[in-house]
Amino acid sequence: MCGIVGYVGSRPCRDLLIAGLEKLEYRGYDSAGVSLLDNGRIESVRAVGNLANLRSAVEAAAGNGTVAVAEAEATIGLAHTRWATHGRVTEENAHPHGDCSDSVHIVLNGIVENHSELRRELASEGHIFSSETDAEIVAHLIERNYEGDLTAAVRAAFAELRGHYSFVAMHADHPELLVGARQECPLIIGLGEGENFLASAIPAFLNETRRVMQVENGDIVVMTPDGATVTDAAGGELDREVDEVTWDEEAAEKGGYSTFMMKEIHEQPDAVAETITDRLPNVDSVDLSELDFTNERAAKLRRVVIVACGTSYHAGLVGRYAIEHWARIPVEMDVASEFRYRDPVLGPDDLVIGITQSGETADTLAAMRLARERGAHVVALTNVMGSQATRDANSVLFTRAGLEIGVAATKTFTSQIAAMYLLGLWLAEARETLEPKRIAELIAEMKSLPHLVEETIESTEAQVRAVARSHFEGRFFLYLGRNIGLPVCLEGALKMKEISYIPSDAYAAGEMKHGPIALLDESTPVVCVASDSPVLDKVLSNVAEVRARGADVIAIATDGSDEVAETADQTIFVPRTDWVLQPILAVVPLQLLAYHTARLLDLNVDQPRNLAKTVTVE
Ligand code: F6R
């Protein structure tokens, strides 16, 4: 979830660029940098840590007078906040990155999938790299293709890249030109008077201009102080609409959505992509080398134990199905607040995964520490760099969802599920429990998840809003599911309780007849997760059972499951994927249902009563 700001105009832009980065801080970052072009030279200042560190580095450069950036004269430049993916968190790996002669500088958001092969190719041609990043190869590719025309060089470089990314480039020979390109990651043009901006999100330039032009996938942007032209990859000019943004300061922070929660629901495709893409570098293998855990050790594991609280616990439950099914290893799952007081039996052949988006939840941390004391290898699955969980664990696997401000977890949940899928496939590969061909099929499906999450949000929202309108005054919601659909129900019910304050319960559908069926009457909405799974026919029997009591059944089903539509009162379809991957899509309409119900009840979804984002007391 990096941030990009570019400027070309007539004003000195160093401070404008850093102010733009400040507006993107919510995305989370671990280092930052700025490059300016002045008098035919491009120079950079970069720093690890927050923007205060970048400002101090700029001041220090001013002190020794060696860096043009410090003089703040330049009227064209690029700036970036980085969230490390390829390469450690170091000044060298911070953006902007340059080519061999510092003639081209670029900033990039996202991931270049074919960076290893391009790096090898460029290195064999004599290019010298100064960072470990995938982004740097883009500067060298532009250098290789440059024959006096920056736009042509960017176009040629763009054609050689695979992945999801957007980038902006400038060249020392062109003091009034920025060229950007977009493939899946956001890039937005801000049009001023005699000056223009190119950024990863509108807040970066909203204090300067409100006229914006959206850049679409595959577009190349050619920007000067006088305007911006958008072309396709072949150079054909494209018509892109100019909009006037009417957001106030508060709406700007929310990216134009009315709440952080809705903004974060919409950030899920990006968050999932950031979490999985560079960990799936090949068609048939998962790269989790960051865990520092050998295949030999993985093959000898006796058991996986997952500990977490709340929504993170539900992500762990989804992971349990994936790991057991793919890697054929027993998985034990417990809420951290129980596990830690249970005197659990643990040893060196256990892999303990502590899931905590904040990395600061007291019970999860205590459970992880206990597991470590008892000799298990502990992995922290977290979204926050430098959090306590990262210090308490033997290894860390980061989700890369960016900062989540809404108290109800949404994008961190789907990113956690994505990370659990990675762990499941990685264990299956190490333990040779799946054929390489099957792993390749699942990886291909995983790679389409960001796009499918986006499709799910778009295709289900209107229908979910209508369901919310029918039921928001109800006194109770019941969620039913089986197998991998059950954790989706638990999460749906938690979201409903948490933000709409409507009592809600989630049950294993097979348990209904053992008591809870007594709760049902004609006024009860029953949300049934009936997505594809080996037990779909059993779920359908439960739906029939519930409908026989007059309850109104809203089913979440996989596209094309006509039998679900025939059995339920209403069916909300999510796109088809492998059944183990369905939860990451099926939960989206349930997040939206809780959201719209709470909004209809006029509740503050971002800050529900009695709840805080991080629970650090026991
Ligand atoms: C629900 C929610 C909580 C958290 C739980 C654990 O929307 O946000 O249930 O999931 O408090 O928090 P972390 O993951 O930070 O340990």
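For this tour, Ala, Val, Leu, Ile, Met, Phe, Trp, Tyr, Cys and Pro count as nonpolar, Asp, Glu, Lys and Arg as charged, and the others, Gly among them, as polar. Keep in mind, too, that what you have open is a predicted model.

**Stop 1: the largest cavity**

Start by selecting Cys 2, Arg 82, Trp 83, Thr 85, His 86 and His 95, then add Leu 108, Gly 110, Thr 133, Asp 134, Ala 135 and Glu 274; together they line the largest cavity. The space they surround has a volume of about 70 Å³. Try colouring the lining by class: you should get four nonpolar, five polar and three charged residues. How many cavities of 30 Å³ or more does the structure hold? There are five.

**Stop 2: a cis bond and a positive phi**

Keep His 95 selected and add Pro 96. What kind of peptide bond joins these two? It's a cis bond, with omega at about -5°. Pro 96 sits in the loop that links strand E4 (76–82) to strand E5 (97–98).

Now go along to Asp 102, in the loop between E5 and strand E6 (104–112). This residue isn't a glycine, yet its phi is positive, at about 55°.

**Stop 3: the second largest pocket**

Go back to Thr 85 and His 86, which you met in the cavity lining. Add Asp 278, Asp 287 and Glu 290, and you have the residues nearest the centre of the second largest pocket, out of 26 that line it. Its volume is about 670 Å³.

Next, show helix H3 (115–124) and strand E20 (395–398), each of which supplies at least two residues of this lining. H3 has the largest share, with four residues. Coloured by class, the lining shows seven nonpolar, eight polar and eleven charged residues.

**Stop 4: the largest pocket**

How much space lies in the largest pocket? About 1,200 Å³. To find its middle, select Arg 182, Glu 184, Pro 186, His 266 and Glu 454, the closest to the centre among 38 lining residues.

Then bring up the elements around it. Strands E7 (163–171) and E8 (178–183) each give at least two residues to the lining, and so do helices H7 (260–266), H8 (268–276) and H16 (449–471). Which of them gives the most? That's H16, with six residues. By class, this lining has 15 nonpolar, ten polar and 13 charged residues.

**Stop 5: H8 against H14**

Hold on to H8 and show helix H14 (residues 411–431) beside it. The two axes come within 9 Å and cross at roughly 30°. Angles under 35 degrees count as roughly parallel, so that is how H8 runs relative to H14. The crossing is right-handed.

For the contact itself, select Gln 268, Ala 271, Val 272, Thr 275 and Ile 276 on the H8 side; they meet Lys 411, Thr 414, Ser 415, Ala 418, Ala 419 and Leu 422 of H14. Sorted by class, the contact has six nonpolar residues, four polar and one charged.

**Stop 6: H17 against H20**

Finish with another helix pair: H17 (residues 485–500) and H20 (residues 583–600). Their axes are 9 Å apart, and the helices pack at an angle of about 20°. That angle makes H17 roughly parallel to H20. What is the handedness of this crossing? Right-handed.

On H17, pick out Val 488, Glu 491, Gly 492, Lys 495, Met 496, Ile 499 and Ser 500. Their partners on H20 are Pro 583, Ala 586, Val 587, Leu 590, Leu 593, Ala 594, Tyr 595, Thr 597 and Ala 598. Colour this contact by class as a last step, and you'll see eleven nonpolar, three polar and two charged residues.

Methods. Residues numbered from 1 in each chain as written. Predicted model: local features only at pLDDT ≥ 70, side-chain atom pairs only at ≥ 80, totals over all residues. Heavy atoms only, no water. 1 Å grid on protein atoms, 1.4 Å probe; cavity = no way out; pocket = protein on both sides within 12 Å on 5 of 7 lines; lining within 4 Å. Points joined across faces, edges and corners; volume = space filled by probe spheres on them. Axes fitted to C-alpha atoms, helices over the stretch in contact; angles between N-to-C directions. Parallel < 35°, antiparallel > 145°, perpendicular 65-115°, else oblique. Left-handed = near helix turned anticlockwise from the far one by under 90°. Contact = heavy atoms within 4.5 Å.
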